[in-house]
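The following exercises concern the overall fold of a protein chain and the surroundings of one residue. Please work through each task before reading its solution.

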Amino acid sequence: MSEVLVYADHADGTVAKSTLELLTLARRIGTPVAVVVNAGDAAAQIAQSLGEYGAEAVLTADDSVYSDYLVAPAAELLASLVGSRSPAAVLLSSSFEGKEIAGRLSVKTNSGVITDAVDIDSDLVATQSVFAGGYTVRGRVTAGTPIITVKPNSVAPEAAAAAGSVEAVSADISEAAKTAKVVATEDKPQTGRPNLTEAAIVVSGGRGTGGDFGPVEALADSLGAAVGASRAAVDAGWYPHANQVGQTGKTVSPQLYVAAGISGAIQHRAGMQTSKTIVAINKDDEAPIFELVDFGVVGDLFQVLPQAAEAITARK
């Protein structure tokens, strides 16, 4: 079977759940081969995790160029691997970084690219939700090597033991790829909650919170969920912009999405309406969000959320 290159996201020796999902999809198409940059001393640990989910080989590149500069060197590495290994496809996560690498790789290899897929068939037909979720389309790349980015939580990761053999690779990185250098890094404050775009459950608050996200956070913590916010909430300074869900924020597709005090404007709906199950709490029974949900509660979030959090905690 032809190889399928999977660009792996990892941090502190832990492989991102979205990468395990990509390996699951890659097995439908061919033989998964993971590409890892900057694994360092954690290479063996990362390779073991990738092998447990189907990676027959793990290609590692540890040159400092991949950490000293932005995504251009990673795109050139993948372009080199596409040229030397002729894979059936290249899969990446639909993160900001993943989509930029995909775009650069597309240009370098004269290949078509599909972003924000939610499923991929064995014949490389990708399913997307487009035009702010108004349509579901299926498409296939017809030029070059298919490059596809996939939204996190689109499929459930399935373990499938494979060799996971480690192979060091390298590429000649051009000077043009070194024009944007990383001059400083800062650790992100730890909240103990999962990453917003990868969380299986997301609880979001909007204008209806009045700036008090306490009940939203309490419910999220009882569920082991991430916390999101609408554009109105972040624009008002009530919650960090990094937590914004919507067309101009982050796109999420969790198993469960809870919208508290969010009216459901198209800007917000575009970022969450591919969620598997949607629950909304709003005092306005005519709020547009109720047109989209699986379950709706007409009520005051300051009464509903604490009761829900208490009931969930009591059942643990």
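**Exercise 1.** Determine how many helices and strands the protein chain has, and assess its compactness.

*Solution.* Step 1: in this predicted model, the secondary structure amounts to 9 helices and 16 strands. Step 2: the radius of gyration is 21 Å, close to the 20 Å that the globule rule gives for 316 residues, so the chain is as compact as a globular protein of that length. Step 3: the C-alpha trace spans about 60 × 40 × 40 Å along its principal axes.

**Exercise 2.** Describe the burial, contacts and surface of the protein chain.

*Solution.* Step 1: 48% of the 316 residues count as buried. Step 2: among contacts with a separation of 6 or more, 65% involve residues 24 or more positions apart. Step 3: the chain exposes about 14600 Å², of which carbon and sulfur atoms supply 48%. Step 4: there are 22 positive and 35 negative side chains, and the centres of these two sets lie 4 Å apart.

**Exercise 3.** Decide whether Thr149 is buried or exposed, and characterise its surroundings.

*Solution.* Step 1: Thr149 belongs to strand E10, which covers residues 147-150. Step 2: buried means under 20% relative accessible area; Thr149 has a value of 0%, and is therefore buried. Step 3: leaving aside residues up to four places away in sequence, Thr149 touches ten residues' worth of listed partners, including Leu92, Lys99, Ile114 and Asp116. Step 4: a polar atom of the Thr149 side chain lies 3.0 Å from the backbone nitrogen of Asp116.

Key: Residues are numbered from 1 along each chain as its sequence is written. This is a predicted model: local features need pLDDT of at least 70, side-chain atom pairs count only at pLDDT 80 or more; totals for chains, interfaces and linings use all residues. Side-chain values use heavy atoms; hydrogens and water are left out. Helices (H or I, at least four residues) and strands (E, at least two) are DSSP runs, numbered from the N terminus. Buried means under 20% relative accessible area, exposed over 50%, partly exposed in between (1.4 Å probe, protein chains only). A polar contact is a pair of N or O atoms within 3.5 Å; within protein, one must be able to donate a hydrogen and the other to accept it, and residues adjacent in sequence count only if both atoms are side-chain atoms. Contact means heavy atoms within 4.5 Å. The radius of gyration is taken over C-alpha atoms; the globule rule is 2.2 Å times the number of residues to the power 0.38. Accessible areas come from the Shrake-Rupley method with a 1.4 Å probe; for residues, only the protein chains shown count as cover. Lys and Arg count as positive and Asp and Glu as negative; His and the chain ends are not counted. The place of a charge is taken as NZ of Lys, CZ of Arg, CG of Asp or CD of Glu.
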